[in-house]
Amino acid sequence: MELPQNVICCQNANEALAQEIKIYQSTVFVLTDENTRQHCLPQLPCLENAVVIEIKSGEQHKNIATMQNIWTQMALSGGDRKSLFINLGGGVIGDMGGLAASLFKRGIDFINVPTTLLSQVDASCGGKLAVDFNNLKNEIGLFRNPNKVIVSTQFLKTLPENQLVSGMAEMIKHALILVPEHFNEIKEFNPQKPDWQLLSNLVETSIKIKNYFTEKDPTEKNIRKMLNFGHTIGHAIESYSFDTPNPLLHGEAVAAGMICELFLSNKYLNFPALKMLDITGYINTLFKPFQFKPTIYENLYNLMTHDKKNSGGNINFSLLRDLGDFEINCVCDKQEVFQALSFYNQINN
């Protein structure tokens with residue numbers, strides 16, 4: 001497995017970014033939120049002359065209204081087809097900034113500088129760009145790869161522990177679907193006492209695993225769907241949580257989704273029960289349970305019906321026969337989905 005050609009893993013992000021932006025003679029924009037402007041932008045002095053566009057952090061702002069604000073600021077600041085757009089932030093920044101750049105003037109160059117663990121291992125490759133619409137995740141978007149992605153764990157040192165843990169959900173997923181030995185390596189990382197060199201190695205391996213799928217299936221027609229393991233139920237839980245006092249981070253929702261979909265894997269494909277319990281036990285050491293009652297199962301199921309992998313009126317799941325052995329387009333009925341949600345509740349009570 002190899003890194004994507006446009007991904008640069010490095011220790012010094014400023015040096016790598018300076019090399020990339022020196023060829024641009026027009027306006028350079030950098031998209032930040034209030035957090036990355038404070039903690040990450042000062043680490044990139046090469047952007048001192050860039051036009052900074054700041055948006056509010058959080059999935060709840062990943063919408064068309066925010067996109068309109070970005071485009072307005074680009075137009076007022078003299079953006080043209082030779083401008084460069086730099087996304088400095090997590091997955092929300094990368095999704096919205098990439099989409100904004102792809103549509104402005106019918107498309108300008110953009111570079112991603114992911115600053116969260118989740119965005120480094122998940123959004124760093126694959127070219128998915130989208131915003132949420134009508135309370136549905138990533139409903140409006142397209143596929144387009146950034147010109148470059150600069151990945152450095154220097155930014156992860158600014159993160160609170162829950163953001164580090166959130167990113168670990170995607171790393172766990174990558175390990176389970178393709179490289180089981182990577183799961184044991186992930187277990188060695190302690191987010192309470194981070195070993196940054198170990199984490200750097202884990203990030204690079206995780207990016208390579210994702211690239212394996214996206215390179216073979218760029219537009220998610222076949223095996224790339226396996227990258228959605230844990231996401232069919234996870235996205236529904238995440239969307240539902242937005243209307244609660246404690247909305248979940250993406251990785252927290254995916255962790256819950258993986259537990260549910262491991263149950264479905266056991267029921268549908270005979271995934272080994274002991275492995276299921278071992279993995280769910282480990283996940284529960286990292287993530288606090290999200291409490292929900294059976295009265296919302298119907299709501300969650302309705303959210304799942306909008307998943308983009310669905311076809312013919314069926315909810316399609318990506319499940320595991322064993323570690324590294326997967327099957328896409330698995331159809332599970334409503335009763336089985338409800339059983340999976342009940343399993344999650346039972347092991348967290």
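The lining of the second largest pocket divides into 8 nonpolar, 6 polar and 3 charged residues, and that pocket is a good place to start a walk through this predicted model. About 350 Å³ of space lies in the second largest pocket. Of the 17 residues that line it, Asn-162, Glu-252, Leu-286, Phe-287 and Lys-288 are the closest to its centre. Two elements give two or more residues to this lining, helix H6 (161–177) and helix H11. The largest share comes from H6, with 4 residues.

Let us step back to the whole chain before looking at its closed spaces. The chain has 13 helices and 10 strands. Its radius of gyration is 20 Å, close to the 20 Å that the globule rule gives for 349 residues, so the chain is as compact as a globular protein of that length. Along the principal axes, the C-alpha trace spans about 60 × 40 × 40 Å. Of the 349 residues, 55% are buried. How does the chain connect to itself over distance in sequence? Among contacts between residues at least 6 apart in sequence, 75% join residues at least 24 apart. On the outside, the accessible surface comes to about 15,000 Å², and 47% of this belongs to carbon and sulfur atoms.

Now to the spaces inside. Rolling a probe the size of a water molecule over the atoms shows where empty space is left. For this chain, the count comes to 2 cavities of 30 Å³ or more. The largest cavity holds about 60 Å³ of space. Its lining is made of Asn-87, Gly-89, Gly-90, Gly-91, Ile-93, Gly-94, Asn-112, Pro-114, Ser-119, Ala-123 and Ser-124. Strand E4 (84–89), helix H4 (91–103), strand E5 (109–114) and helix H5 (117–123) are the elements that give two or more residues to that lining. H4 provides the largest share, 3 residues. Which classes of residue surround this space? The lining of the largest cavity has 3 nonpolar, 8 polar and no charged residues. Glycine counts as polar in this scheme, and the lining includes Gly-89, Gly-90, Gly-91 and Gly-94.

The second largest cavity takes us back to residues you have already met. It holds about 40 Å³ of space. Glu-252, Ala-255, Ala-256, Ile-259, Ile-283, Asn-284, Phe-287, Lys-288, Pro-289 and Tyr-344 line it. Among these, Glu-252, Phe-287 and Lys-288 also belong to the residues closest to the centre of the second largest pocket. Helix H10 (250–269) and helix H11 (273–286) each supply at least two residues of the cavity lining, and the largest share, 4 residues, comes from H10. By class, this lining has 7 nonpolar, 1 polar and 2 charged residues.

From H10 and H11 it is a short step to Asn-270, which lies in the loop between these two helices. Its phi is near 60 degrees, a positive value in a residue other than glycine. Most residues other than glycine have a negative phi. Is Asn-270 buried or exposed? With 62% relative accessibility, Asn-270 counts as exposed, the cut-off for that class being over 50%.

Asn-329 offers another case of this backbone geometry. It has a positive phi of about 60 degrees although it is not a glycine. Its place is in strand E10 (residues 325–331). At 37% relative accessibility, Asn-329 counts as partly exposed.

A further asparagine to visit is Asn-302, found in helix H12 (residues 297–304). Asn-302 is partly exposed, at 39% relative accessibility. How far is Asn-302 from Phe-287, 15 residues apart along the chain? Their C-alpha atoms are separated by 25 Å. Phe-287, you may recall, is one of the residues lining the second largest cavity.

The last stop is Thr-27, in the loop between helix H1 (13–21) and strand E2 (28–33). Why does Thr-27 count as buried? Its relative accessible area is 19%, and buried means under 20%. Leaving aside residues up to four places away in sequence, Thr-27 touches Val-51, Ser-77, Gly-78, Ser-83 and Leu-84. Leu-84 falls in strand E4 (84–89), one of the elements that give two or more residues to the lining of the largest cavity.

Note on methods. Residues numbered from 1 in each chain as written. Predicted model: local features only at pLDDT ≥ 70, side-chain atom pairs only at ≥ 80, totals over all residues. Heavy atoms only, no water. 1 Å grid on protein atoms, 1.4 Å probe; cavity = no way out; pocket = protein on both sides within 12 Å on 5 of 7 lines; lining within 4 Å. Points joined across faces, edges and corners; volume = space filled by probe spheres on them. Rg over C-alpha atoms; globule rule 2.2 N^0.38 Å. Buried < 20%, exposed > 50% of the residue type's maximum accessible area, 1.4 Å probe, protein only. Contact = heavy atoms within 4.5 Å. Areas by Shrake-Rupley, 256 points an atom, 1.4 Å probe, with all protein chains shown as cover.
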